[in-house]
Amino acid sequence: MAKDLFEKIYRDKGPLGKWAEAAEGYFVFPKLEGPIGNRMMFNGKEVITWSVNDYLGLANHPEVREVDAAAAAQYGSAYPMGARMMSGHTNLHEQLQNELAAFVNKQAAYLLNFGYQGMVSTIDALVSKDDVIVYDVDAHACIIDGVRLHLGQRFTYKHNDMESIEKNLKRAEKVAEKTGGGILLISEGVFGMRGEQGKLKEIVALKEKYNFRLFVDDAHGFGTLGKTGAGAGEEQGVQDDIDVYFATFAKSMASTGAFIAGDEEIINYLKYNLRSQMFAKSLQMQLVVGALKRLDMMRSSTQYKDKLWENVNALQDGLRERGFDLGTTQSCVTPVYLKGSIPEAMALVKDLRENHGVFCSIVVYPVIPKGLILLRMIPTASHTMEDIQETLEAFSAIRERLENGTYKRLSAALAASMGE
C-alpha cells in the first residue's frame, strides 16, 4: 500500500516551517500597517521601515495615488477580461510596452502579469530539450524554478565567479555540440540578498569566445542604476548586449506586473509562446495606467533616484564607519552580516523592533549559511536623515548585545525547545 501523501508533511515542516509556531505573525508573515512610507505601524507602534522595496518612494506619492484612484474608478478591477490573445489586449497595454522598450533601449517589450510567473515562463519558452542553461548558483528562486522546467542540461556557476562561468560555458558547448542546441546564460543585474551587481560587462566579453545568449533579471537594478535608471546594463555600459532583459514593477515602480524586452523578433516569439501569459488573464487596466504614470515620473526626472542614492550612501557609509560588515554590495540593497544562531537572530530583531522602533527583514539558514544572520535593509527615496541616524544608533546597540551574549541568554529557552 502507498504511503499517505501527507505523511512527510506531518513529519517534517521544512527548515523554515519548523519555526512557524514561534515566528509566525512577528518574524515571518508580519503585518505592517498604514500608508506605505519610511515609517509605518507594526504591533501598534510606529517603526522606521527598511523592508519595503519602494525604492523611489512612489508607492504613496500623491500624483501616483491620484492616477491609481482615477484608473480604478474608470476601469474597475476586472477590465480587460480574458487573456491578451483572446480579449484582454488594449492600446494602453501596447503604449506601456513601447514606452518601456524605449526606456531600456530595446526594440520591443512585452508585459507580464507577475514577475515570478513571467520569469519562469520566459525561461521555459526560450529553451528546448537540446539547449543548455548556465546560471548563477545564487540566482533568485524564480530563475531556479524556471530552470527546473528545462528538460535538457543545466549547469550552475559559482556566484559571480568568471573562472567558473567560463568553465561551465565550455561544458555547455560540449553538450550543445552533441545535441545541436544553443546556450542560455542567466544572471541577475543585482542580486537581491547580497546587493552585488552581476558581472554583466565581463560576461558580455565572453561572447567573443563562446556562442551564448544572455538573459538578465534586473528586478533591483531597474529604476535605481544607470544614468537614466535603465538598470545594471546601462550602469555597466552593456545594455545593448543583453539579449533578453527582464524587470518587475514590484520595486521601483511600486506596483504589480513585469516586462521583458529585447529584439522585436525575439519578443514577438515570446509573445506567442509564453504559456503564463497565453493562458492567464490580462494585466488589469488600472495597473497599466498606473505603470504609465510611474514610468513617466521616472523618465522625466532623476530627483527620486538622486534622493534614493543620497539615502543609500548615508546609511551604508554610516554602517561601515561603525564597523558593520555589508559584504560587497554595489546597489541600494544593504545587507548587514552578523554571527549568531536563528534564536539569537529572533531576539535581536525583536529588540530592534520593540525597543528601537526599527523594522528590517531577517534572513537566516537555509537562505544563507548556518551561523550567520543577515539583516536586509532597503533604503528608499522616502527615508529621512533622521531615520538613518536613529537606525545607526540602534544598530550600534544591538551589536553590543549580540557580542556580550545578551541575545544568546534571551534565546536559550527557544533554542532548547527547537533542538538548536
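Helices here are DSSP runs of H or I with at least four residues, numbered from the N terminus. The model on screen is predicted.

**Stop 1: serine 164**

Select residues 162–179, which form helix α7, and pick out serine 164 within that helix. Serine 164 has a relative accessibility of 10% and counts as buried, because the cut-off for buried is under 20%. Show its surroundings next: beyond the neighbours within four places in sequence, serine 164 is in contact with Tyr157 and Lys158.

**Stop 2: strand β10 and its partners**

Move to residues 258–262, strand β10, where 5 of 5 residues are buried. In a regular strand, side chains alternate between the two faces of the sheet. Colour Ala258, Ile260 and Gly262 for one side of β10, and Phe259 and Ala261 for the other; both faces are covered.

Now add the strands paired with β10. Strand β4, residues 108–112, is antiparallel to β10 and pairs with that strand over 5 bridges. Within this pairing, leucine 111 stands opposite phenylalanine 259. Strand β9, residues 244–248, is also joined to β10 by 5 bridges and runs antiparallel. Here tyrosine 245 faces alanine 261 as its opposite residue.

**Stop 3: the three-stranded sheet**

Select β11, β14 and β13, which lie in that order in an open sheet of 3 strands with antiparallel pairing. β11 (334–339) and β13 (361–363) are the edge strands; each has a single partner, so one side of each lacks a neighbour in the sheet. On average, neighbouring strands of this sheet are turned by 25° against each other, direction ignored.

For the pairing in detail, show β11 with β14 (residues 372–377): the two are antiparallel and joined by 6 bridges. Proline 335 is placed opposite arginine 376 of β14. Then add residues 303–321, helix α13, which packs on the sheet and touches β11 and β14. The direction of α13 makes about 20° with that of β11.

**Stop 4: salt bridges**

The structure holds 17 salt bridges; three are visited here.

Start with arginine 39 and glutamate 46, whose closest N and O atoms are 3.5 Å apart. Arginine 39 is partly exposed at 25% relative accessibility, and glutamate 46 is partly exposed at 49%. Add Asp387 and Glu390 to the selection, since these two residues are linked with Arg39 and Glu46 in a network of salt bridges.

Go on to glutamate 99 and arginine 299, with an N to O distance of 3.0 Å. Glutamate 99 belongs to helix α4 (residues 91–103) and arginine 299 to helix α12 (residues 285–300), so this salt bridge ties together parts 200 residues apart in sequence. Glutamate 99 counts as buried at 19% relative accessibility, whereas arginine 299 is partly exposed at 40%.

Finish this stop at arginine 401 and aspartate 351, which meet at 2.5 Å, N to O. Arginine 401 is in helix α15 (residues 385–403) and aspartate 351 in helix α14 (residues 342–356), distant parts of the chain that lie 50 residues apart. Aspartate 351 is buried, with a relative accessible area of 9%, while arginine 401 is partly exposed at 28%.

**Stop 5: a patch on the surface**

Switch to a surface view and select Leu5, Phe6, Ile9 and Tyr10, which make a nonpolar surface patch of about 460 Å². Leucine 5 sits in the segment before α1 (7–11). With a relative accessible area of 59%, leucine 5 is exposed.

Technical notes: Residues are numbered from 1 along each chain as its sequence is written. This is a predicted model: local features need pLDDT of at least 70, side-chain atom pairs count only at pLDDT 80 or more; totals for chains, interfaces and linings use all residues. Side-chain values use heavy atoms; hydrogens and water are left out. Two strands pair if DSSP finds at least two bridges between them. Axes are lines fitted to C-alpha atoms, for helices over the stretch in contact, and angles run from 0 to 180 degrees between N-to-C directions. Contact means heavy atoms within 4.5 Å. Buried means under 20% relative accessible area, exposed over 50%, partly exposed in between (1.4 Å probe, protein chains only). Patches are made of residues with over 30% relative accessible area and no salt bridge: like charges are joined within 9 Å, nonpolar side chains (Val, Leu, Ile, Met, Phe, Trp, Tyr) within 5 Å. Accessible areas come from the Shrake-Rupley method with a 1.4 Å probe; for residues, only the protein chains shown count as cover. A salt bridge is a side-chain nitrogen of Lys or Arg within 4 Å of a carboxyl oxygen of Asp or Glu.
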